[in-house]
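Here's a quick walk through a two-chain model for anyone who likes to know what they're looking at before setting anything up. Have the viewer open and follow along.

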Amino acid sequence: MVETPDHALEAQISADFVKRIGQGDRRAEEELVRRYQRGLIYLLKRRTRDPQLALDLAQETFRIAIEKLRQSPIEQIERVGAYLRGTALNLASADVRKYARRATTVDSDAVDAAADGVAGPFDQVSTAQVQRLVRKLLDELPVQRDRDILVRTYLQDEDKSAICEALGVDSAHYNRVLFRAKQRFRELLTTAASQRGLKVVG
Amino acid sequence: MNRQYIRDNDVIERYLKGALTAEEEEDFEEAYVGDAELLDQLQAAERLREGIKGLDSAGNLERSRPRWRQTLASPRYAMAATVLLAVSLGFSSVLYNENQVLREGGSSTPLLTRFVSLESVRGGGNVTEISAPAQDELTVLMIDAGVVAHDTYRAAITRRDGEQSEQIWSRADLTPELNGMTIAITLQGRMLRPGTYEAKVDGRMNDSGRFEPVAEVRLVVLPRD
């Protein structure tokens, strides 16, 4: 399993982007957008609850970031992910719909591409199909207690400690059940997405 | 924020319900913005959450233990059911013994059976005292198996005599009686000499691979009058 990049790795990746974009490398700009666009748009959708606005804000975020990276000394941006998140949330927190939709001033194919191909691998699986997959997942769990762990976690929003106490299981067992269930559900989602002819990323 | 921290601290689930601290939220968002694998995990969990809520809204989700089952699993109900079982088994035992006596045509002493309900001492429960049974008397110890149903149980009874202890009975693969709520252990009278006894019951879920304590009860057998 791929480990989450820690800050040191993120700093190394960021330094590489900063250096190459600063040198005018257009491919680096495309790579930057490709690496961060899905996560950034997901984040903005969560914050704005408006998919179109999220796309606009993401485009504007990349425009600002690339413009800065083309000009900034290396030490000004230590972690590109943090910088993009901060910029995106600043834009989202203001009333920026009009601002975000104005014409971009940076000539970059990478920024234009930010609006394309941003659907996650599971976005196209229908709600009804997701419910069928959840039903299948629950039916596959042999012990009622493990089904209760999922229901209490995702439906009743109970804390882990409360669930463990109520069901008489320890933290390690809870983690194991949740981890396996999520892994299995992801497999089911991936299969469903691929059967719909979608390319599954990640 | 690394993957281990995210898993151990339910970061994804807490993020989805908006329960992260501001610092955790910032760290987590910075992490997933540039990490497709982590973002996949997050989106899969989000869809799982949506799916469970959707099933529940559509009335297609069995909620954990309906209230009537909780009532059945309650210690109060277990005690009441134990009493009923004891009465019915006692009655059956009397009938059986009477039949036995009639069949044999003899006048030997009928076999007696005594039912003893024991409360767990975890949390400060009482110690149960009984008078020593006759040599051929059967004693059935009724131990509450707890609210959480396990797949299999084991139990052991140990006699305590000062600092010395002796295991007088043990058995694995026990099945609870009374709707899965009571472990019944039958002992011959000669096994329960006056003294102090401890009974421990452990339960195991099939997927956990290890036993965990379910009940620990104490019994003092007093000399016969």
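What follows goes from the chains as wholes down to a helix, a cavity and a couple of single residues.

## Chain A

First things first: this is a predicted model. Chain A is built from helices, ten of them, with zero strands. Written out from the N terminus, its elements read α-α-α-α-α-α-α-α-α-α.

Of the 202 residues in chain A, 49% are buried. Take the contacts between residues at least 6 apart in sequence, and 69% of them in chain A join residues at least 24 apart. The accessible surface of chain A adds up to about 10000 Å², with carbon and sulfur atoms accounting for 47% of it.

## Chain B

Chain B mixes things up, with six helices and eight strands. Going from the N terminus, the order is α-α-α-α-α-α-β-β-β-β-β-β-β-β.

Chain B has 225 residues, and 43% of them count as buried. For contacts in chain B between residues at least 6 apart in sequence, the share that joins residues at least 24 apart is 64%. About 12000 Å² of chain B is exposed, and 48% of that comes from carbon and sulfur atoms.

## Helix H3 of chain B

Helix H3 of chain B covers residues 22-33, twelve residues in total. From first C-alpha to last it reaches 16 Å, close to the 16 Å expected at 1.5 Å a residue.

Which residues of H3(B) are buried? They are B:Glu24, B:Phe28, B:Glu29, B:Glu30, B:Ala31, B:Tyr32 and B:Val33. These buried residues pack against elements of both chains: helix H2 (26-48) and helix H4 (80-93) in chain A, plus helix H1 (3-8), helix H2 (11-16) and helix H4 (36-57) in chain B.

## The second largest cavity

A search over the whole structure turns up three cavities of 30 Å³ or more. The second largest cavity holds about 50 Å³ of space. Its lining is made up of B:Ala78, B:Met79, B:Thr82, B:Ser117, B:Leu118, B:Met142, B:Ile143, B:Asp144 and B:Thr182. Helix H6 (75-104), strand S1 (113-118) and strand S3 (138-144) of chain B are the elements that each give two or more residues to that lining.

And how does the lining of the second largest cavity split by class? There are five nonpolar residues, three polar and one charged.

## Two residues to click on

Start with A:Thr61, which sits in helix H3 (residues 51-71) of chain A. Buried or exposed? A:Thr61 has a relative accessible area of 0%, and buried means under 20%, so A:Thr61 is buried. Leaving out residues up to four places away in sequence, A:Thr61 touches A:Leu40, A:Leu84, A:Thr87, A:Ala88 and A:Leu91.

Then hop over to B:Asn9, in the loop between H1 and H2 of chain B. Its relative accessible area is 28%, which falls between the 20% limit for buried and the 50% limit for exposed, so B:Asn9 counts as partly exposed. If you want a distance to check in the viewer, the C-alpha atoms of B:Asn9 and B:Leu20 are separated by 9.9 Å, with the two residues eleven apart along the chain.

How values were computed:
Residues are numbered from 1 along each chain as its sequence is written. Chains are lettered from A and ligands numbered from 1 in the order in which they are written. This is a predicted model: local features need pLDDT of at least 70, side-chain atom pairs count only at pLDDT 80 or more; totals for chains, interfaces and linings use all residues. Side-chain values use heavy atoms; hydrogens and water are left out. Helices (H or I, at least four residues) and strands (E, at least two) are DSSP runs, numbered from the N terminus. The expected span of a helix is 1.5 Å times one less than its number of residues. Buried means under 20% relative accessible area, exposed over 50%, partly exposed in between (1.4 Å probe, protein chains only). Contact means heavy atoms within 4.5 Å. On a 1 Å grid over the protein atoms alone, a cavity is a set of points where a 1.4 Å probe fits but cannot get out, and a pocket is an open set with protein on both sides within 12 Å along at least five of seven lines; lining residues have an atom within 4 Å of a point. Grid points are joined across faces, edges and corners, and a volume is the space filled by probe spheres set on the points. Ala, Val, Leu, Ile, Met, Phe, Trp, Tyr, Cys and Pro count as nonpolar, Asp, Glu, Lys and Arg as charged, and the others, Gly among them, as polar. Accessible areas come from the Shrake-Rupley method with a 1.4 Å probe; for residues, only the protein chains shown count as cover.
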